[in-house]
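Hi everyone, thanks for coming. Today I'd like to walk you through a structure that may be new to you, so let's put it up on the screen and take it piece by piece.

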Amino acid sequence: MLSTGEKLTPDSRDYEATRSRFFNSRVPAIKPAAIYQPTTTAEVAAIMQNASTADLKVGVRSGGHLFVCASLVENGLLIDTSKLNKTIVYDSVTKVVAFSPGHRVRELATELEAMKRFFPWGHSRDVGAGGFLLAGGQGLFVRGWGYTSDTWVTQLEVVTAKGEVVLCNKKDNADLFWAAPGSGRGYFGVVTRIWVKTIPARKVFDTTIIVDSTDIFKPLLKWVLETSDKVPKYGVDLFFLTFRSDMDEPGDGEESDRKRIMFLINETVWADSLEEAQVLASPWDKLPDEFAKLQVQRIAVAERSWEELWAAQEKFQPHGNGERWNVDSIMTDPRASYDDLIDAITPALYELPTRLSTGTVCPLDYYPDEADQALSLPQKCYVSAMNCWRDPKRDATNDAWMQRVFERAAKASCGIYVADVNEKARDALVMTPSALEKWLKIRAHWDPDERFVGHWAFSRPGLRPFA
């Protein structure tokens, strides 16, 4: 009998701790019949062969950052890739690096930094490579380079629903390769190895401005969006965040004690020198007078380490202390005017329901070609709300808030980032209707018995183009 690696059942000592290993503490009470932690591709193949024989559904987890914990399948199997193929291999001739879906951003960044190489990995140090790349990869400097899946990923090793090991790229098993980016939780195979192009590393700089936007929110947001259009796209990340002024204060519970809304403007720059970075960040040098008088803090352009950048982000995304999360997002329709967009998204960014909740706007300017990949929605910006709290009694109230504000935000939307799909909330497209139709046909070919059911979250009959 072929080895399947470490196996945990509900009676195993480490089963519950492993089952609930997610960023979100709001883990549903779904119990897989078994959890596997394979270390090799051959073990994954054996697991899938057994699943096929036993007619079991399968979920796959890499970093556990998917907020809805969709890899859990009741009475099915969970394949945890955190121990899979734990070597990072760099080819100095082709400049391609190979790694596993279980590698986290901090592991990739640390090893590649030592090699003085780079590719656009995720912004959070704990995100797993598998989930990141199957969502398409909203990686660093996406405005100029596009999603990481688009031009950086050269090949995938995939274990199919029947337990076969195949390599896929733009020539071999091209349909399987096309279907991966943008499929997220819906992918119908287990990615076991990823090959990505790299480029020489450069320095990283950033600058931050914080403004009390409480009384000037809409005009400030419009100025920020219009200024974003003046910022060079290549080698620049833009990130705008809203939060309550007492976010860091213990207060007397989940509710904010103050109704002040802070607006954070951040630009991260990929450059060779401070002088170059300062030029790329210069559109933010002077705030209009009406906003400048409400400036709370300005941090000048300075070189940063990856550790510093990760720590800055994690300040606004606490975890490990019982934090419960609900997240929703839109990809903004490029045809929407800034006035219409601002009207649609203001409640999600401004009416934050708890002291730990935040809103984000990230200009992307990304217009993919669905001939290249399933990830196909045009998107001017990514807009999200990250609703965070600790008291389970607030679940229903906070879910209702999220549903309400994103029903309004959807008026300026062309779809949702697949990593944020929640089948218990609103319906939204993750790819164009024509791409979805093609994707579903490919899925039916490679997984006719529906061993993987994650796609149900975004391909329900109401969303299918041929329903």
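Let's begin at Trp439. Setting aside neighbours within four places in sequence, Trp439 is in contact with Trp178, Ala179, Ser183, Gly186, Tyr187, Phe188, Ala374, Met431, His455 and Phe458. Before I go further, please keep in mind that this is a predicted model.

Why start with that tryptophan? Trp439 and Phe99 are the residues with the most contacts inside the largest nonpolar core, which has 80 residues. Helix α14, residues 433-446, supplies the largest share of this core, with 6 residues. Apart from this core lies another one, of 43 residues, and among them are Phe205, Ile216, Phe263 and Met402.

While we're at α14, have a look at the segment that follows. Glu450 is found there, after α14. The phi angle of Glu450 is near 50°, a positive value in a residue that is not glycine.

Now for the sheets. In what order do the strands of the 8-strand sheet come? The order is β15-β12-β14-β13-β17-β18-β16-β19, in an open sheet with antiparallel pairing. At the edges are β15 (295-304) and β19 (413-415), and each of them pairs on one side only. From one strand to the next, the twist averages 25°.

Let's zoom in on β13, residues 236-244. Of its 9 residues, 8 are buried, so β13 is largely enclosed by the rest of the structure. On one hand, β13 pairs with β14 (residues 261-271) in the antiparallel sense over 9 bridges, and here Arg244 stands opposite Ile261. On the other hand, β13 pairs with β17 (residues 358-366), again in the antiparallel sense, over 4 bridges. In that pairing, Phe243 stands opposite Thr358.

Strand β14 has another partner too. Strand β12, residues 203-212, is joined to β14 by 10 bridges, and the two run antiparallel. Here Asp206 stands opposite Thr268 in β14.

What packs on this sheet? Helix α8, residues 217-228, lies across β12, β13, β14, β17 and β18 (379-389), and runs at about 10° to β14. Helix α12, residues 338-350, also packs on the sheet, where it touches β13, β14, β16 (324-332), β17 and β18. The direction of α12 makes about 15° with that of β18.

Let me pause on Thr268, which is found in strand β14. Is Thr268 buried or exposed? Thr268 counts as buried, because its relative accessibility is 9% and the cut-off for buried is under 20%. Its side chain makes a polar contact of 3.3 Å with the side chain of Asn266. If we leave aside neighbours within four places in sequence, Thr268 is in contact with Phe141, Val204, Phe205, Asp206, Gly235, Val236, Asp237 and Leu309. You may recognise Phe205 from the core of 43 residues, and Asp206 as the residue opposite Thr268 in the β12 pairing.

On to another sheet. This one is an open sheet of 5 strands in the order β5-β6-β10-β8-β9, with antiparallel pairing. Strands β5 (89-91) and β9 (165-168) stand at the edges with a single partner each, so one side of each is left without a neighbour in the sheet. The twist here averages 20° from one strand to the next.

Within this sheet, strand β8 (residues 153-160) is joined to β9 by 4 bridges, and they run antiparallel. Leu156 has Cys168, in β9, as its bridge partner. Helix α2, residues 41-54, packs on the sheet and touches β8, β9 and β10 (189-197), with its direction at about 45° to that of β8.

Just before β5 there's a loop worth a glance: Asn85 lies between β4 (77-80) and β5. Asn85 has a phi near 45°, a positive value in a residue other than glycine. Asn85 is also buried, with a relative accessible area of 13%.

One more stop, Thr18 in helix α1, residues 15-19. Thr18 is buried as well, at a relative accessible area of 10%. Not counting residues up to four places away in sequence, Thr18 touches Leu8, Ile35, Gln37, Arg61 and Asp80.

Finally, a word from the records. UniProt, in an unreviewed entry, lists residues 28-201 as "domain: FAD-binding PCMH-type". In the model, the end C-alpha atoms of that span lie 41 Å apart, and the span is 26% helix and 25% strand.

That's my tour. Thank you for listening!

Key
Residues numbered from 1 in each chain as written. Predicted model: local features only at pLDDT ≥ 70, side-chain atom pairs only at ≥ 80, totals over all residues. Heavy atoms only, no water. Buried < 20%, exposed > 50% of the residue type's maximum accessible area, 1.4 Å probe, protein only. Contact = heavy atoms within 4.5 Å. UniProt positions renumbered as here; feature names shortened; annotations may be inferred. Pairing = 2+ DSSP bridges. Axes fitted to C-alpha atoms, helices over the stretch in contact; angles between N-to-C directions. Polar contact = N/O pair within 3.5 Å; in protein donor to acceptor, adjacent residues only side chain to side chain. Core = buried A, V, L, I, M, F, W, Y, C linked by side-chain atoms within 4.5 Å.
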